[in-house]
Structure formats: C-alpha cells, structure tokens
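Please read the following briefing alongside the sequence and the coordinates. It takes up charged pairs, cysteines and one strand pairing in turn.

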Amino acid sequence: MRLTSYGAALEVTGSQHLLEVNGKKILLDCGLFQGRRKESFEKNQTFKYNPQKIDSLILSHAHIDHSGNIPHLIKEGFKGVVYCTKATKDLCSIMLLDSAYIQESDAEYFARKLKKTALKPIEPLYTQPDAEYSLQFFKTLPLGKRFKLYDDIYLTFYEAGHVLGSAMVVLDINDKDDGKEKRFVFTGDMGRCKLPIINDPYQIEKADYLLTESTYGNRTHAPIEEGIPELARVINRTARRGGKIIIPSFAFERTQELIYGIHLLIDRKEIPTNLPIFIDSPLATNITNIFQKHIELYDKEIREYFNLDHNPFKPKQLKHIKTVDESKELNFFIGPCVIISASGMCEAGRIRHHLKNNIEDPKNTIAIVGYMAEHTLGRKLVDGDPAVKIFDKMYDVKSEVVILESFSAHADMNDLHEYIKNISGLQKVMLVHGEENQSGPMADRIKTNMGIESVVMEPAKTVNL
Ligand SMILES: [Zn+2]
C-alpha cells in the first residue's frame, strides 16, 4: 500500500491524493489549485499521474479545491466512477458548472488581451458541457453504509462536519501483500463541533492509517458561539449610524450560515426586525436551494427550528438579487441594510461593485467572515490597508472593517489533536492541506504527545504504508 499527494501537499489547495493498493489506483479528491492566476493555471493544466490509469475517484466534498479538476480528469481519459454523497453531487452540479463558466470567461478575457501579441491564447481547462458531462460519472452513497468498492476493499462515508455533504472516507482493505485487514481513513476537510446547520464530525474509533488535513494545525479559532452575537453587535452599531453592512462571503456554506444566523437574530429581536437583507450572488442563491433539499443532513438545533414551521433560509426581509440590473439598483438603496455577496475573497463578482460604492463612507461596515488568501483584495482589507485598488482605481478605506474570526468550517489545532487522540490503533498519520508552518508543528506534536509516526506529505513524494 502506498500513498502519493499530487496537490494540497505543503499547501491548502489542489487536493489530489493517490492511494495504490491491491493493484488498484484510488484517487482521493481531484481539486483545483487556487491562488495566483498564472501559477495555478499551469499547475492545473497537467496531471502528474495518468488519468486513464486511475480506477476510481472518491470525493470528500464539493469545495472546488477538492472537486474542481474532475471534468478535466475525465477529459484526459479517466473512465472510473466518482463516489461521493448525494448532497456533494447536487452541489457539484452547480459548482462545477460555475467553475467552467469562470474558466471560459478567463480564457476569453486573455484571448482579447493577447490578440495584439504573438502569444497563443489559453484554452479553458474545461467548458460548461464538459462539467455537465462529468456528472454522469458520479455515484452517490449514503453516510454510514459500507459499500463494496472491490472484492478486497470496502468504502464507508461518515459525516465530516465541514460543509453540507462533506464526508470522511474510510477504506477497509484486505492487503494482498501480507493478508492483513487494514483501515485507511481520509478526513477530507475536518469540520468543527457545533457548526450551525450541519452535524458534528463523526469520531472514527479505530484506524491503521490516517490522512488528515492540517489547515489550522498550529492555530486556534475564537469559539463558534461568539460568531452570531458579534455579528449582531456589528449590524446594530452600523444600522444605528445609518450605514450598510457589506459581507463578502463564500457562496457555499458561509452564506447559508449567515442567512440562518441573521434569521435567528431577527426572531429573537436582537437586530432591527425590518432590516433588509440582500443576497447578491446567483451562485449562493442556487446553493441555498440545495441546502433546502437536504434536511436529512441538518443537526438537531436547525431541525427544531424548522419544526417551528419556518424555513431557516427564508427570513421575510431577505431578497435574492438575480439580475445585474437589480444588483446595480442596490447602489441607490437608501438606509441601513445587509448585503451578502460573492466572491468570498473579493477577487471577482458582484462584491467588488458593492465595495467600490460603499468603502469610502464611514457609516458603512465591511464584515470579513472568511479566509482571505495572500494577494487578494480581501486580504488587503484584513491587513488594514488605508487604500485599496478596485477595478484599477484607488479607493480610501473609510468604512469600518471588522474581522469575525469565529466563522471557520475547519477544525483548529486542539480539535484535530483531540480527534486523532481518540482513534485507536494508529500506525501512521499523514498530514496534507496545510502550509508548512501549520503541518510541521502539528506533526511534531503528534509524535511527541501521542508517540505515533507522523509525516508531512510532500508534493509527488510517495510514502509506503
Ligand atoms: Zn473544504
């Protein structure tokens, strides 16, 4: 049995891990690298393994850095099955198409730019029809049900508690090399206990090998419980001074958490009950519809809420903005309101218009609720830059900027440590999906505190199990 990471090794995007066992090549996730455009485009373009030789692909969840290269893998000759949960497939049906659309638009933009040069225009990695076609390869499995992947390999998904549909991958293998039964576990992205909407991560009790994420392997988060009250304070003080609350948000999960949280605050009358809430992201609107289809994945709190006969995602003051014209009309809206828009890191989409129109007014607030990668507009706001460039023009940051740190869908160092400690029989832990300053110290702590061999996976470097 051997494992090689071709992405998300010493970094957080591009998840692709190849497990080779009993003559089978099983790929765990097939995500896109994200970050600086040119660099990630090059990394996404070529697979460092032969897609035609992969027997099956197991997908942990729908985030694009885990799923986004699947249509390309299929274009390059993958003929196996993509296993995932039903919610993940439903989400991919929207998110992969959106990803294709972004790539087509990018390619078009560069084609226009390159027209006057001798350089060859770039091709999109895949198109919307490619994304649509790829969905035929998906096979969905319920959580907690053992599935015979091959004669000697069984697959079971368990709740990962990270985003809707997210699953941990458990492979029970009869290793032909030594005839022994072995359990290999891949956490995918590990969630947190008490996240709104979804259930807590399922505790795996026994495993031989664990491949785990380490995004926050050396950091702790502010407690989840502080998120919603803090949001209420931000909304109230901004509304009191007559300003708007602009929230750049990821369309998937974070937006639905915000809608649900704001709905709770309105019901409890902790924020003005007539405050207009706008969701200005067609992608977020479509994803919210998927959330409403998967009540079976909700936790106890939101189920009870649902039983009170109202839809958690439809507070009556909420309006989904559909067209570009409607979005532009928001510029002329007078008085306090909340505008939640994408993209999460402020790099593209409608959020940039809202920032441009509101950033220079001290009455307004920009509330940061997600991870902002280096070199993004979002990161500049987090770093407190006094002026930022939006659409090639500089704007002074006069609005209030707040960072709400409790909103994270990833386990922190304590959560990860506790989780691993509760698994018995571990022979080796492999760390991926973390920058070196997170995964390195985490590996050291596992070795020192638990006495378990622990390695940080390096790109394309094989580890024998
Ligand atoms: Zn994720």
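In this predicted model, a search of the whole structure finds 24 salt bridges. Among them are a contact between K75 and D130, one between E257 and R254, and one between D361 and K363. By contrast with that count, the structure holds zero disulfides.

**Salt bridges**

- In the pair formed by K75 and D130, the closest N and O atoms lie 3.9 Å apart, which falls inside the limit because a salt bridge is counted within 4 Å.
- This pair ties together distant parts of the chain, with K75 in helix α3 (residues 70–75) and D130 in helix α5 (residues 128–134), 55 residues apart.
- K75 is partly exposed at a relative accessible area of 45%, and D130 also counts as partly exposed, with a relative accessibility of 21%.
- E257 and R254 form a salt bridge whose closest N and O atoms are 3.4 Å apart; the two residues are separated by about one helical turn, because they stand three residues apart in helix α7 (residues 254–267).
- Both partners of this helical pair, E257 and R254, are buried.
- D361 and K363 form a salt bridge in which the closest N and O atoms are 3.4 Å apart.
- D361 is partly exposed, its relative accessible area being 25%, and K363, at 37% relative accessibility, counts as partly exposed as well.
- Elsewhere, R2, E20 and K25 are joined into one network by salt bridges that share partners.

**Cysteines**

- The structure contains zero disulfides, and C92 accordingly takes part in none, the nearest cysteine sulfur being that of C84, 6.1 Å away.
- That separation leaves the two unpaired, because a disulfide is assigned to cysteine sulfur atoms within 2.5 Å.
- C92 is buried, with a relative accessible area of 0%, whereas C193 is partly exposed, with a relative accessible area of 48%.

**Strand pairing and crossover**

- Strand β20 (residues 428–432) and strand β21 (residues 453–456) run parallel and are joined by four bridges.
- Within this pairing, M430 stands opposite V455 in β21.
- Between the two strands, the chain passes from β20 through helix α14 (residues 436–450) to β21, and the resulting β-α-β crossover is right-handed.

Conventions:
Residues numbered from 1 in each chain as written. Predicted model: local features only at pLDDT ≥ 70, side-chain atom pairs only at ≥ 80, totals over all residues. Heavy atoms only, no water. Pairing = 2+ DSSP bridges. Right-handed = clockwise from strand over helix to strand, strands pointing away. Salt bridge = Lys/Arg side-chain N within 4 Å of Asp/Glu carboxyl O. Buried < 20%, exposed > 50% of the residue type's maximum accessible area, 1.4 Å probe, protein only.
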